[in-house]
Amino acid sequence: MSVKPLIVIGKDRVCHVCQLGSRLDERVIGALVIYLGLEHDVTVHRDTGTQTGRIVAVEPYARHRIVSGRQHVCTILVEPESVTDTSLNALRSELNHPATGAEVFGDLLDFIHDAGRNPATMEKTLRGLSFDRLIFDGELEKRPVDQRISQITELLDRETDGLIGADYCGRQISLTASRFRRLFRETTGVQFRNYRMWRRARSYLHLVKEQISLTQTALELGYPDSTHFSHSIRHTYGLPPRQMKTHMEPSIFFLMDAV
């Protein structure tokens, strides 16, 4: 199968196809991570053990390292705050079942193949079919939304400054910091501090093709300096930002407001 690197970025989903190789450090991604080996199995090492399969799904915020050889891998991210815990856990269990094979992603494999030959196909397909339906052959159950927390997540999507803390966010919705943190965890299933760190590191995906320096990128994303930026990106993705930028620049990019 002819494969070209590509990345689709939406508000709550990411689909990335590339050669991950075997030089990645451990990574901690704030989303359900689904690895699909396009030619053969992948292996994921984590504290709870090692798992090998054509598909491996890793729970959000779990420290892990993937080894995939020279093959292309499709990596899918599903933000936990966008899906109910029941739906997310059921999806992870289904994908990690030994009987699950790459055939469950038949439509996605066709999409990857066609997008590599004709990038316009990617836009046409995604405009006509929801991301979840394309990938999972059905819609994942959406997590109920507390409008006060939605206000904060929208704020954090706009303002990646790491100085925006629980005190400030709580005041925006008339809550104390402790009550805000509790409501945030109950609503999203994620601790506020972890969510804030992940969303800021995730924002780098939007900037890897920008022709600006890493120092400018760090400031754009609200990091105090390039050292903090480099540490955060390496901790999250297993690669320093410069290497990650080089790794991803050849990709066909498609940004969506919602998928």
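Modeller: A salt bridge here is a side-chain nitrogen of Lys or Arg within 4 Å of a carboxyl oxygen of Asp or Glu. The model is a predicted one.

Biologist: Why is the pair R46 and E59 called a salt bridge?

Modeller: The closest N and O atoms of R46 and E59 are 2.8 Å apart. The cut-off is within 4 Å, so the pair qualifies. R46 sits in strand β4 (residues 42-46) and E59 in the loop between β6 (55-58) and β7 (64-67), 13 residues apart.

Biologist: Why is R46 called buried?

Modeller: Buried means under 20% relative accessible area. R46 has 15%, so R46 is buried.

Biologist: What makes E59 partly exposed?

Modeller: E59 has a relative accessible area of 26%. Partly exposed lies between under 20% and over 50%, so E59 belongs there.

Biologist: How do you know that R143 forms a salt bridge with D85?

Modeller: Their closest N and O atoms are 2.5 Å apart, and the limit is 4 Å, so the pair counts. R143 lies in the loop between α4 and α5 (147-158) and D85 in helix α1 (residues 85-95), so the salt bridge ties together parts 58 residues apart in sequence.

Biologist: Which of these two, R143 or D85, is buried, and which is partly exposed?

Modeller: R143, at 10% relative accessible area, is buried because the value is under 20%. D85, at 44%, is partly exposed because the value is neither under 20% nor over 50%.

Biologist: How many salt bridges does this rule give?

Modeller: The count is 14 salt bridges.

Note on methods: Residues numbered from 1 in each chain as written. Predicted model: local features only at pLDDT ≥ 70, side-chain atom pairs only at ≥ 80, totals over all residues. Heavy atoms only, no water. Helix = DSSP H or I, 4+ residues; strand = E, 2+ residues; numbered from the N terminus. Buried < 20%, exposed > 50% of the residue type's maximum accessible area, 1.4 Å probe, protein only.
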